[in-house]
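Thanks for sharing this one. Here is the entry I would like us to go through together.

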Amino acid sequence: MGQETAEGPGLRGGTGRSAPALDEVDRRILDELARDGRISIRTLADRVHVSRTNAYARVERLLRDGVITGFAARVAPEPAGLGTSAYIALTIRQDTWREVSAELAQVRYVEHVALLSGEHDVLALVRAPDNATLRDVVLDRVQRIAGVLSTRSWLVFEEYHGVRSPWA
C-alpha cells in the first residue's frame, strides 16, 4: 500500500515502504467492514469480540491513518446500465503521469486508473452503457489526452469479486 502524497486528493504515491502493522483485531475489523460497510459499531464489536468503545476507537484510528479511505456501496454495473466494461492500457510520455491521471479522473465512465510498470504505463477500467459509448470514451476522450501515445483495449466478458477477504 502506498501512502497519501501531496499530489492531489485520492492520488497515491508509491513510497516502497511497508504499511503500518495491523494486529489481529484490526484485520478482523477490516474483514467485517469489507463484507458490510453499513455494519453498526455494536454488531462490529460483537463480531470481533471487543468492547464498543474499543471498536469505535479502532475504526476511528484506521480512518485517521488512511487504512480505511471511505465507505461505499458496491454497484453491479450491468443492472445499473453499464453493460460494457473494458480495460484500457495506455502508453504515455514518461513525464506526463500527473497530467494524464488528472485528465483521466475527469473522463466519464472511467472507474479506476493505475500506474504500472511493464509494457504499458497506465491501466484504466472503463464501464460504459454500450460499445458505441466505449468507443467514444477511448477514441474521443482518452486518446486525445496530451501525453497519451497509444492505447490497447480488452473487453471484459465476465467478472467476479474474490470470495475471500485479504483481511480474514
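My notes on the helix pair, the sheet and the helix across the sheet follow.

1. A reminder before we begin: this is a predicted model, so please read the points below as comments on a prediction.

2. Let's start with helix α2 (residues 41-48) and helix α3 (residues 52-64). Their axes come within 8 Å and cross at roughly 105°. Angles of 65 to 115 degrees count as roughly perpendicular, and α2 and α3 are therefore roughly perpendicular to each other.

3. Which residues in α2 and α3 meet? On the α2 side they are I41, R42, L44 and A45, and their counterparts in α3 are R52, A55, Y56 and V59. Sorted by class, this contact of α2 with α3 has six nonpolar and two charged residues, with no polar ones.

4. Now the sheet. It is open and built from four strands, in the order β4-β5-β3-β6, with antiparallel pairing. The edges are taken by β4 (110-115) and β6 (148-156); each has a single partner strand, so one side of each is left without a neighbour in the sheet. From one strand to the next, the twist averages 20°.

5. If you would like to look at one pairing in detail, try β4 with strand β5 (residues 122-128). These two pair in the antiparallel sense over five bridges. Within this part of the sheet, H112 stands opposite L125 in β5.

6. Finally, what lies across β3 (84-92), β4, β5 and β6? That is helix α4 (residues 97-104), which runs at about 165° to β4. Angles over 145 degrees count as roughly antiparallel, so α4 and β4 are roughly antiparallel by that cut-off.

Key
Residues are numbered from 1 along each chain as its sequence is written. This is a predicted model: local features need pLDDT of at least 70, side-chain atom pairs count only at pLDDT 80 or more; totals for chains, interfaces and linings use all residues. Side-chain values use heavy atoms; hydrogens and water are left out. Axes are lines fitted to C-alpha atoms, for helices over the stretch in contact, and angles run from 0 to 180 degrees between N-to-C directions. Angles under 35 degrees count as roughly parallel, over 145 as roughly antiparallel, 65 to 115 as roughly perpendicular and the rest as oblique. Contact means heavy atoms within 4.5 Å. Ala, Val, Leu, Ile, Met, Phe, Trp, Tyr, Cys and Pro count as nonpolar, Asp, Glu, Lys and Arg as charged, and the others, Gly among them, as polar. Two strands pair if DSSP finds at least two bridges between them.
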